[in-house]
Amino acid sequence: MKASRTTITALSALATSTHCFVRAFSIKKAASNRAISAMIPRNTSLLTTDSTSKASTALPMIFDKLFSSLGGGGGFAAKIDYSAIPYPVPELAAAALDGGVPKEMEKNGKTYQLATFAGGCFWGLELAFQRVTGVEYTGVGYTQGRESEPNYDAVCAGATGHTEAVLVLYDPNECTYESLLDTFFSRVDPLTVNGQGSDRGKQYRTGVYYHSKEQEEIAKGRFEMEQQKYPNRKIATEFLQALPFWPAEKYHQQYLEKGGRIGSSQSAKKGCTDTIRCYG
């Protein structure tokens with residue numbers, strides 16, 4: 001999977017530029033067709049062959065097959081079946097579809113607060129948060145982007161502006177937001193721009209995305225403290241208000257706990273300090 005991610009990132013410029021070219025050509029041709037149609041009487045039919053439509057369909061299909069073969073999620077246009085993924089994915093997807101960013105969610109009579117973090121590949125960061133006492137649920141997905149319902153292939157191609165992220169549901173009586181920030185900063189290099197480790201691209205940029213005024217104030221103080229460690233360099237990690245969080249495909253959820261690419265499960269037990277093998 002590690003090689004696949006690197007290859008996907010290298011191909012992103014080609015995929016994105018091709019998509020933009022086809023879209024621009026389609027718009028121009030559509031405008032031309034509308035101009036021609038305006039000169040034709042209403043009761044006259046015009047038979048046309050739209051080769052651009054065929055190209056705009058065929059080219060994404062080529063890239064869909066390419067990215068899918070590299071271990072992605074199933075093509076640029078593939079829809080994620082959120083209902084097939086356990087809690088809290090369907091609820092998070094419903095909130096995103098409504099354009100909302102919830103501060104808290106309730107489950108079995110218990111209220112959990114939400115927090116969102118981006119730290120490069122979301123697999124390793126999710127497992128780190130799974131091990132934190134007081135974190136009851138986690139989900140990986142895509143945030144801080146332009147498009148609705150993005151999938152893995154589109155995000156990896158750099159076509160949506162999203163970054164891979166982890167959303168955490170935690171019990172504030174057992175876990176503080178400060179402790180979540182501790183886990184986050186222990187996992188990332190905040191100086192790296194658009195990437196972590198061997199993963200490069202805007203989809204791997206790091207960030208802390210707050211859901212409430214309280215989180216904003218706590219995170220602001222922590223960023224100021226972290227920046228003091230690097231007097232000659234500016235921290236690259238984003239510090240922004242959370243935008244809608246779109247859950248990733250079922251395949252990616254709790255990926256390392258389930259065994260990763262080699263079928264070797266890594267412990268999500270609370271307090272576990274085993275080294276996290278980011279690609280399984």
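Student: What volume does the second largest pocket have?
Tutor: This is a predicted model, and its pockets are computed from the protein atoms alone. For the second largest pocket, the volume is about 220 Å³.

Student: Which residues that line the second largest pocket are the closest to its centre?
Tutor: The lining of this pocket holds 13 residues. By class, four are nonpolar, six polar and three charged. The closest to the centre are G119, C121, R187, Q196 and C278.

Student: Which residues of α6 meet α4?
Tutor: Helix α4 spans residues 122-130 and helix α6 spans residues 177-187. On the α4 side, the contact uses G124, L125, A128 and F129. By class, the contact has five nonpolar, two polar and one charged residues. On the α6 side, the residues are L180, T183, F184 and R187.

Student: At what angle do the axes of α4 and α6 cross?
Tutor: Two packed helices are described by the angle and the distance between their axes. The axes of α4 and α6 come within 10 Å. Their crossing is right-handed. The angle is roughly 145°.

Student: How many cavities of 30 Å³ or more are there?
Tutor: A cavity counts here if it reaches 30 Å³. The largest cavity has about 50 Å³ of space. The count is one.

Student: Which helix gives the largest share of the lining of the largest cavity?
Tutor: The lining includes L92, A95, A96, L167 and H211. By class, eight lining residues are nonpolar, two are polar and none is charged. Three residues come from one helix, residues 89-97. That helix is α3.

Notes
Residues are numbered from 1 along each chain as its sequence is written. This is a predicted model: local features need pLDDT of at least 70, side-chain atom pairs count only at pLDDT 80 or more; totals for chains, interfaces and linings use all residues. Side-chain values use heavy atoms; hydrogens and water are left out. Axes are lines fitted to C-alpha atoms, for helices over the stretch in contact, and angles run from 0 to 180 degrees between N-to-C directions. Helices (H or I, at least four residues) and strands (E, at least two) are DSSP runs, numbered from the N terminus. A crossing is left-handed if the near helix is turned anticlockwise from the far one by less than a right angle, and right-handed if clockwise. Contact means heavy atoms within 4.5 Å. Ala, Val, Leu, Ile, Met, Phe, Trp, Tyr, Cys and Pro count as nonpolar, Asp, Glu, Lys and Arg as charged, and the others, Gly among them, as polar. On a 1 Å grid over the protein atoms alone, a cavity is a set of points where a 1.4 Å probe fits but cannot get out, and a pocket is an open set with protein on both sides within 12 Å along at least five of seven lines; lining residues have an atom within 4 Å of a point. Grid points are joined across faces, edges and corners, and a volume is the space filled by probe spheres set on the points.
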